[in-house]
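Thank you all for coming. I would like to walk slowly through one structure today, so please keep the picture in view while I talk.

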Amino acid sequence: MTNEERDALLAAARGARKNAYAPYSHFTVGAALLAEDGRIYVGCNVENAAYSPTLCAERVALGSAVAGGARRILAAAVVGGHGEEEPCAPCGVCRQALSELMAPDAPVLFRTEDGMTELPLSALLPHTFRLKK
Ligand code: THU
């Protein structure tokens, strides 16, 4: 990923985060996915009064990417927090969901206690469950 792509991906995730619907946790999340064709797809978390229907930002972005015609995601960025950005690693379900369209070596950008970090998806989700297509 180029520095320009990294900056654009983070900016898109931060922009999407502004639209998050999180009246219960107040933890707003934005995600951005860089597709093979160069397009960036975004998502934000969408909470629900029944809690379990809540959608994570990453899976909203994934749905948006697939609906837009993408089939391969080259990189992902996730940002979140209560107001100011906080450490926000993708949850386990979203790691598995992203693995459907992302290669193991594709980078995921997110904030840890040490600041923004970039790790391959395989570092977040070793021994990924897959089915032969
Ligand atoms: N959330 C995400 O959007 N992505 C994650 O990977 C972790 C959690 C959302 C779900 C919920 O709306 C809020 O963050 C607090 O858990």
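**A ligand, a pocket and a few residues**

Let me start with Tyr 51, which counts as exposed because its relative accessibility is 58%, and the cut-off for that word is a value over 50%. Please keep in mind throughout that what you are looking at is a predicted model. Tyr 51 sits in the loop between strand 2 and helix 2, and its phi is near 65 degrees, a positive value in a residue other than glycine.

In that loop, between strand 2 (40-44) and helix 2 (57-67), you will also find Asn 45. Is Asn 45 buried or exposed? Asn 45 is buried, because its relative accessible area is 6%, and buried means under 20%. If you follow the chain from Asn 45 to Leu 33, the two are twelve residues apart, and their C-alpha atoms are separated by 14 Å.

Asn 45 brings us to the ligand, since it is one of the residues that surround it, together with others including Ser 25, Phe 27, Val 29, Thr 54, Cys 56 and Pro 90. When the residues of this shell are sorted by character, they divide into seven nonpolar, three polar and two charged.

Which atoms of Glu 47, Ala 57 and Glu 58 lie by an oxygen atom of the ligand? For Glu 47, a polar side-chain atom lies 2.5 Å from an oxygen atom of the ligand, and for Glu 58, an N or O atom of the side chain is 2.6 Å from a ligand oxygen. With Ala 57 the partner belongs to the backbone, where an N or O atom lies 2.9 Å from an oxygen atom of the ligand. Taken alone, the ligand exposes 370 Å², and the protein buries 78% of that area.

Let me turn now to the largest pocket, which has a volume of about 260 Å³. It is lined by 13 residues, and the closest to its centre are Ser 99, Glu 100, Leu 101, Arg 130 and Lys 133. Sorted by character, this lining divides into six nonpolar, two polar and five charged residues.

Next, please look at the loop between helix 1 (3-17) and strand 1 (28-35), where His 26 is found. His 26 has a positive phi of about 60 degrees, although it is not a glycine. Tyr 21 lies in the loop between helix 1 and strand 1 as well, and it counts as partly exposed because its relative accessibility is 45%. From Tyr 21 to Asp 7 there are 14 residues in sequence and 24 Å in space, taken from C-alpha to C-alpha.

I will finish with one residue in a strand and one in a helix. Ala 31 has its place in strand 1, and it is buried, with a relative accessible area of 0%. Between Ala 31 and Gly 68 the separation is 37 residues in sequence, while their C-alpha atoms are 16 Å apart in space. Val 60, by contrast, lies in helix 2 and counts as partly exposed, because its relative accessibility is 24%. Finally, Val 60 and Ala 32 are 28 residues apart in sequence, and from C-alpha to C-alpha they are 9.7 Å apart in space.

Technical notes: Residues are numbered from 1 along each chain as its sequence is written. This is a predicted model: local features need pLDDT of at least 70, side-chain atom pairs count only at pLDDT 80 or more; totals for chains, interfaces and linings use all residues. Side-chain values use heavy atoms; hydrogens and water are left out. A residue is near a molecule or strand if one of its heavy atoms lies within 4 Å of it. A polar contact is a pair of N or O atoms within 3.5 Å; within protein, one must be able to donate a hydrogen and the other to accept it, and residues adjacent in sequence count only if both atoms are side-chain atoms. Accessible areas come from the Shrake-Rupley method with a 1.4 Å probe; for residues, only the protein chains shown count as cover. Ala, Val, Leu, Ile, Met, Phe, Trp, Tyr, Cys and Pro count as nonpolar, Asp, Glu, Lys and Arg as charged, and the others, Gly among them, as polar. On a 1 Å grid over the protein atoms alone, a cavity is a set of points where a 1.4 Å probe fits but cannot get out, and a pocket is an open set with protein on both sides within 12 Å along at least five of seven lines; lining residues have an atom within 4 Å of a point. Grid points are joined across faces, edges and corners, and a volume is the space filled by probe spheres set on the points. Helices (H or I, at least four residues) and strands (E, at least two) are DSSP runs, numbered from the N terminus. Buried means under 20% relative accessible area, exposed over 50%, partly exposed in between (1.4 Å probe, protein chains only).
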